[in-house]
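Visitor: Could you choose one small spot in this structure and look at it closely with me, and then follow the connections outward from there? I am in my first year, so please take it slowly.

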Amino acid sequence: GGPDHLAVVLRRARYLAVLRYSPSLGNVQTCGQHLLVAPDDPASVAGPPGFRAQVAVDPGQRCLAVRVLPDRVLVFPVAAGASWQQEAGPAVFQRGGLAFHEDVEQSPGLGTPFALGAHSPLRLHHIQDIAFLHGYHQPTAVCLGQSKPAYGGCLNEANQCTSSVLVFMLDLTDRSPHLIWAMHRLPHDIFQIVPLLPPLGGMLALCSNAVIYMKEHAASFCQTLNLCAGLGEELTKLKGVEVKDETKLEIVLSGCAASALSPTTILFSIQPSGRLYLAHLVLESFDIVADIVWTSPGTAVPASGICTLGEEYIFLSAVAGGCSLLKATPSKKKLPPNLQRLVPPPRKRARTEGATEEEAAKEAGG
């Protein structure tokens, strides 16, 4: 709800904490704590082993989504001064997502949440990742899920092409999702969605051995990154998706952390070596990606997560040991034409009626 608010979900916690920086204290203080799993829910006693809750925030700061369980997502509307006490009745403690602590003077700005189930309305077996996309007028989320259970290490027919990507608009008034577009029968090993920054929009779907570019009104393509991508027939079954062979790179994305630094640059931290890679997006037009070029600036601490502050500072959350804060500096080397900085197309000035060719040429030249 603001630049000084931070939403935190701990790995084994059953609540969402909203922190706020207090200039008077010179430290952070808790604005509110919201239950994610109700006390009488069986999942509150023994959740799935190894599951990590996830928070995704709408770029327009209108709502945030929390993946609280593999089959459940809670959506919290965001509004200045919003309070669950204004909307909830006396039985608020019996429902997941409602607050059990809230600062009266400094409200966290979160309204009463609503739930999205994997089975209904998303029609998925379970949810693996959730994020928000750029370039839409309403809060628009992308959900990565499995349409049926799959078992790692098995490449038989039953375990192939089980992933689905759903893009839906969140109606905060009706408290319901509305599907915009979707892609089904994707490779089973997709584990993360990386939204691309405006003006590009769209997303990258990360597999262990490949990366897939997807956008609503653009042609999708898949880029293979190592020889293991050829195992099985999943990539050959992708309908309407061009497969680009870059297996010579020998990059394995399993367990990697990724974040967009700029509209045309994505930073990857590879496990377990900590090798850093920059994925440069080659544009076909102003907002459509045609290819990906990979470079490696060096090695850092292996990261479980990456947080970017603009295009200059990068925070690496270390898997073990101390975290790192990196500063990105622009390269002085001349870039190839396909990696030039994103420049909007020039606007054509309308030719006035009755103008001569010489006058029109002067107007076009400014």
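Guide: Let us start at Glu242, which counts as partly exposed because its relative accessible area is 48%, and let us keep in mind throughout that this is a predicted model. Glu242 forms a salt bridge with Lys244, and the closest N and O atoms of the two are 3.6 Å apart. The partner in this bridge is placed otherwise, since Lys244 has a relative accessibility of 17% and so counts as buried, the limit for that word being under 20%.

Lys244 has a second contact to show us, for its charged end sits over the ring of Phe221, 5.3 Å from the centre of that ring. Following the ring leads to the aromatic pairs, of which a search of the whole structure finds 3. In one of them Phe221 is joined with Tyr213, with 5.4 Å from centre to centre and 35° between the planes, and the pair is described as tilted. Tyr213 is buried, with a relative accessible area of 1%, and Phe221 also counts as buried, at 3% relative accessibility. Another tilted pair is made by Phe268 and Trp294, whose centres lie 5.1 Å apart and whose planes meet at 45°. Because Phe268 belongs to strand E19 (residues 265-269) and Trp294 to strand E21 (residues 288-299), this pair ties together parts that are 26 residues apart in sequence. Phe268 and Trp294 are both buried, and together with Tyr277 they form one aromatic cluster.

From Phe268 we can step to the loop between E19 and strand E20 (275-285), where Pro272 has its place. The peptide bond that leads from Gln271 to Pro272 is cis, with omega near -5°. A second cis bond runs from Ser120 to Pro121, here with omega near 15°, and Pro121 lies in the loop between E8 and strand E9 (126-132). These bonds deserve a pause, because most peptide bonds are trans and most residues other than glycine have a negative phi.

The second half of that rule brings us back towards our starting place. Glu250, found in the loop between strand E17 (242-245) and strand E18 (257-262), has a phi near 55°, a positive value in a residue that is not glycine. Glu250 is exposed, with a relative accessible area of 63%. Arg185 likewise takes a positive phi near 55°, but Arg185 lies in strand E12 (residues 176-186) and counts as partly exposed, at 47% relative accessibility.

Now we can set the salt bridge of Glu242 and Lys244 among the others, for the structure holds 5 salt bridges. One of them joins the side chains of Glu246 and Lys248, at 2.5 Å from N to O, and Lys248 is exposed, with a relative accessible area of 64%. Another joins Asp58 with Arg62, where the closest N and O atoms are 2.7 Å apart. In that bridge Asp58 counts as buried, at 2% relative accessibility, whereas Arg62 is partly exposed, at 27%.

The numbering of Asp58 and Arg62 leads us to a sheet. The open sheet has 4 strands in the order E4-E5-E6-E8, and their pairing is antiparallel. Strand E4 (54-57) and strand E8 (114-117) stand at the edges and have a single partner strand each, which means that one side of each is left without a neighbour in the sheet. From one strand to the next the twist averages 25°. Between E4 and strand E5 (residues 63-69) there are 4 bridges, and Val55 stands opposite Val66 in E5.

A further antiparallel pairing, again over 4 bridges, is that of strand E23 (residues 313-318) with strand E24 (residues 324-327). There Tyr313 has Lys327 in E24 as its bridge partner. This hairpin has 5 residues between its strands, and Gly321 in the hairpin takes a positive phi near 85°.

How values were computed. Residues are numbered from 1 along each chain as its sequence is written. This is a predicted model: local features need pLDDT of at least 70, side-chain atom pairs count only at pLDDT 80 or more; totals for chains, interfaces and linings use all residues. Side-chain values use heavy atoms; hydrogens and water are left out. Two strands pair if DSSP finds at least two bridges between them. Helices (H or I, at least four residues) and strands (E, at least two) are DSSP runs, numbered from the N terminus. Axes are lines fitted to C-alpha atoms, for helices over the stretch in contact, and angles run from 0 to 180 degrees between N-to-C directions. Rings of Phe, Tyr and Trp (its six-membered ring) pair if their centres lie within 6.5 Å; planes under 30 degrees apart count as stacked, over 60 as edge-to-face and the rest as tilted. Buried means under 20% relative accessible area, exposed over 50%, partly exposed in between (1.4 Å probe, protein chains only). A charge sits over a ring if NZ of Lys or CZ of Arg is within 6 Å of the ring centre and within 35 degrees of the ring normal. A salt bridge is a side-chain nitrogen of Lys or Arg within 4 Å of a carboxyl oxygen of Asp or Glu.
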